[in-house]
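Biologist: Please take a close look at the side-chain contacts here, and then at the surface patches and loops. I would like each term explained with its cut-offs as you go.

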Amino acid sequence: EPGLYNILASYIGYESQTIFEVQVFNSKASVYDIKLKRSSASLDEVVIQAEVFRTREESPVSVRSIGVSEIERNPGGNRDISKVVQSLPGVASSPNFRNDIIIRGGSPAENKFFIDGIEIPTINHFSTQGSSGGPVGLINVNFIKEVDFYTGAFPANRGNALSSIMELTQKDANTTKANLNFTLGSSDAGLTLDTPLGEKSGLIFSARRSYLQFLFEALQLPFLPTYNDFQAKYKVKLDKKNELTILGLAAIDDFVLNTNSIVDIEDPEILERNLYALGNIPVNSQWSYTTGLRFKHFGENSFQTFVLSRNHLNNEAEKFENNSNIEEDLNFRYASQEIENKFRFETTHRKTGWKWNYGLNIETARFTNITFRKDVAFDGDVFEIEFDSELDLIKYGLFGQVSKAFLANRLQTSFGFRTDFSDYSDEMNNPLDQFSPRFSFSYAFAPNWSFNFNIGQFYQLPAYTLLGFQDSTGAFVNKAHKIKYISNQHIVAGIKRNLPNNTQISLEGFYKKYRDYPFLLRDSVSLANLGADFGVVGNDRANSSSEGRAYGLEFLFQRKLKKGIYGILAVTYVRSEFTGKDGAYAPSAWDNRFLVSFTGGKKFKKDWELGIKWRFFGGAPYTPFDIERSSLIPVWNATGAGVLNYDLLNSKRIQSIHQLDVRLDKRYFFDKWTLNLYLDIENIYAFEYEDIPYVDLVRDANGIGQINPNDPNRYLLRNVSNPSGTVLPSLGIVIEF
């Protein structure tokens with residue numbers, strides 16, 4: 001019968017494996033490849049028992065797995081992976097509509113994403129160059145089989161990350177017949193084709209387009225976002241020992257201003273907010289793609305993986321004073337490209353209880369940047385910055401990891417290392433300077449109890465926007481400032497217990513120590529405090545003088561689907577601090593302190609399902625505006641917004657935030673097709689909070705900014721409250737043939 005099932009696979013001589021929440025249809029086959037690990041134990045009596053929560057030798061702590069059903073039904077998630085992971089311990093997000101992932105007090109720029117082992121620079125539309133995140137997810141969940149999310153204990157074959165690694169595994173194409181999926185969500189419509197291309201190969205292809213721009217225009221909002229994305233996966237099993245996977249992912253994003261949003265607006269508060277937004281938001285256009293192939297060869301006790309990929313980002317933005325589109329009024333113009341070509345080889349061996357993984361990676365990168373902007377000095381003078389930058393560099397990586405279980409598998413150990421280096425500068429070309437060892441162990445000290453530990457050092461290359469920043473002479477400014485790889489030392493320890501009914505509880509403590517973090521010299525602020533805004537991060541002068549630390553505790557209670565009930569409760573206490581220009585530690589922008597999330601649901605008869613998600617975020621710090629500098633007429637005309645006072649870095653906090661999301665699903669199974677209808681309501685009890693306030697001009701009845709009568713060099717400014725939070729209902733339709 002159609003429905004969700006947990007499937008157990010077992011075979012003598014192998015460790016059994018459970019696949020959770022396999023969706024069975026009337027209209028199509030559900031295809032799963034289940035990997036079993038050979039067991040080398042030789043016993044007189046053998047008891048086979050499924051392991052509900054998988055463990056990994058390399059990463060016994062800080063790893064969570066998410067199934068596709070958990071992504072699809074997540075209340076308020078809108079089938080968006082970035083929003084779904086917010087239910088996990090240690091994960092915070094920006095208190096707005098963006099998808100920035102903030103892990104254990106780290107910046108959104110510290111995360112890396114892989115699909116089928118191929119690195120993807122970003123998983124969101126309208127991404128922030130030099131960071132990550134954006135308002136809408138880029139990955140089509142119809143492709144996803146499962147997601148492994150590492151917030152620590154990174155395996156050695158994954159580098160260039162400081163806070164998290166997200167491994168997305170895509171499902172293989174259907175091998176029996178072609179299937180079609182149509183999805184109409186709250187912001188976009190999409191079509192997915194899943195079809196065999198012979199006995200040994202298949203293709204999955206999707207295309208999606210947003211319709212938010214029409215809704216925003218009808219609501220007279222000041223900006224109109226439009227996004228499109230395309231995704232494809234082709235896989236062929238050449239023979240029993242060789243397979244080839246080819247994937248592609250592309251996005252086209254446009255962000256234009258709606259100048260009609262100030263026409264016939266009767267509410268003065270809405271008019272002023274629209275005028276403010278039109279005055280400082282740039283017009284933005286992005287397109288990006290990633291293509292890659294992965295070849296796997298399976299031997300008797302090993303397999304080898306070859307990965308070749310290319311990704312390309314084109315990012316353009318401009319802003320004119322009063323949106324005049326006259327060159328003399330140009331305040332900001334930016335055009336940049338990032339192009340990377342990547343190769344990675346790794347081999348994995350298993351024999352007599354030992355596991356080895358080792359390999360190398362080589363990458364070439366090209367970064368171009370044409371920038372013109374009007375900037376503001378501390379004395380209020382406005383000056384122009386203009387340069388045309390081109391940067392080419394080569395990056396290298398070597399890695400290895402060995403794992404072994406002892407004491408009848410009660411003690412699992414793993415030791416690994418990697419090193420990353422590049423030809424950018426003398427500070428980066430020595431592999432010993434970025435040598436990053438790591439060690440993990442897990443000890444089962446009692447039935448269903450284990451103590452888990454990891455210590456490691458990780459490195460990340462600063463953003464290309466920093467590396468490629470040039471002055472008017474053409475010199476790479478930050479190379480002269482001896483910019484370095486960013487370093488982060490992790491220590492994680494915790495206990496875990498498996499309970500009946502597919503349930504697990506765990507408690508983990510973590511400490512992260514950052515060194516050589518980029519410090520922006522113009523604003524005297526650590527780059528770790530930036531990254532949750534649109535546009536560009538790090539396109540400025542910097543050195544590697546900032547340090548940071550983040551520490552805390554995480555509690556997790558999780559129940560996988562059993563008797564129709566599932567749920568996950570995550571409670572986190574986290575502190576995040578970075579040094580400022582005085583060298584003293586101060587709360588970072590990600591210092592939420594308390595994070596609580598509960599996501600759960602119940603499956604009822606006749607294919608009804610109800611899910612809820614409640615989240616609580618402690619108030620995040622923010623930096624107030626410098627009213628004196630902001631009020632100067634040339635400064636405001638150049639920026640269209642207030643200038644932050646970094647002498648008071650993160651000295652204020654917004655209030656704590658909480659909201660409840662509810663989702664109701666109903667499935668109909670027909671002979672040749674399936675219909676899924678859902679109602680998703682975000683913030684169902686309409687919690688409203690005060691977001692970061694801003695400053696705006698005092699305007700007359702025509703919206704014109706007023707000059708200070710006591711100082712003709714300044715505008716009159718006023719503080720504006722910024723309430724946020726509303727009920728957001730949405731209906732969704734998913735049709736599968």
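Modeller: The account below starts with the salt bridges, goes on to the aromatic rings, and ends with the surface patches and two loop residues.

This is a predicted model, in which local features need pLDDT of at least 70 and side-chain atom pairs count only at pLDDT 80 or more, whereas totals for chains, interfaces and linings use all residues. Residues are numbered from 1 along each chain as its sequence is written, and side-chain values use heavy atoms, with hydrogens and water left out.

Side chains of opposite charge can pair when their charged atoms come close. A salt bridge is taken here as a side-chain nitrogen of Lys or Arg within 4 Å of a carboxyl oxygen of Asp or Glu, and by this rule the count comes to 44 salt bridges. One of these joins Glu340 to Lys342, with 3.2 Å between the closest N and O atoms. To place such residues, buried stands for under 20% relative accessible area, exposed for over 50%, and partly exposed for values in between, with a 1.4 Å probe and protein chains only. Glu340 has a relative accessible area of 8% and is therefore buried, and Lys342 is buried as well, at 6%.

A salt bridge also links Arg373 with Asp540, where the closest N and O atoms are 3.5 Å apart. Arg373 lies in strand β20 (residues 354–376) and Asp540 in the loop between β27 (525–526) and β28 (542–562), so this pair ties together parts that are 167 residues apart in sequence. Strands (E, at least two residues) and helices (H or I, at least four) are DSSP runs numbered from the N terminus. Both Arg373 and Asp540 are buried.

For the salt bridge between Arg522 and Asp523, the closest N and O atoms are 3.5 Å apart; Arg522 is partly exposed, at a relative accessible area of 22%, whereas Asp523 is buried, at 17%. Elsewhere, salt bridges with shared partners connect Arg549, Arg575, Glu577, Asp591, Arg593 and Arg653 in one network.

The aromatic rings come next. A pair of aromatic rings is described by the distance of the centres and the angle of the planes. Rings of Phe, Tyr and Trp (its six-membered ring) count as a pair if their centres lie within 6.5 Å, and the pair is stacked when the planes are under 30 degrees apart, edge-to-face when over 60, and tilted otherwise. The structure holds 32 such aromatic pairs. Among them, Phe417 and Phe435 are stacked, at 5.7 Å centre to centre with 25 degrees between the planes. Since Phe417 is in strand β22 (residues 411–422) and Phe435 in strand β23 (residues 435–446), the pair ties together parts that are 18 residues apart in sequence. Phe417 is partly exposed, at a relative accessible area of 30%, and Phe435 is also partly exposed, at 36%. By contrast, Tyr514 and Tyr517 form an edge-to-face pair, 5.6 Å centre to centre and with 65 degrees between the planes; Tyr514 is buried at 0% relative accessible area, and Tyr517 is buried at 3%. Ring pairs also join Phe126, Phe216, Phe223 and Phe255 into a cluster.

On the surface, patches are made of residues with over 30% relative accessible area and no salt bridge, like charges being joined within 9 Å and nonpolar side chains (Val, Leu, Ile, Met, Phe, Trp, Tyr) within 5 Å. Accessible areas come from the Shrake-Rupley method with a 1.4 Å probe, and for residues only the protein chains shown count as cover. A nonpolar patch, whose members include Phe598, Trp608, Trp614 and Leu731, has about 950 Å² of accessible area together. Strand β32 (residues 608–617) gives the most to this patch, with 4 residues; Trp614 is in strand β32 and is partly exposed, at 32%.

Asp264, Glu266, Asp267 and Glu269 gather in a surface patch of negative charge. For charges, Lys and Arg count as positive and Asp and Glu as negative, while His and the chain ends are not counted; the place of a charge is NZ of Lys, CZ of Arg, CG of Asp or CD of Glu. Asp267 sits in the loop between β16 (242–257) and α4 (268–280) and is partly exposed, at 36% relative accessibility.

Two other loop residues have a backbone feature to check. Asn160, in the loop between β10 (144–150) and β11 (164–170), has a phi near 65 degrees, a positive value in a residue other than glycine. Ala686, in the loop between β36 (674–682) and β37 (689–690), likewise has a positive phi, near 55 degrees, and is partly exposed at 42% relative accessible area.
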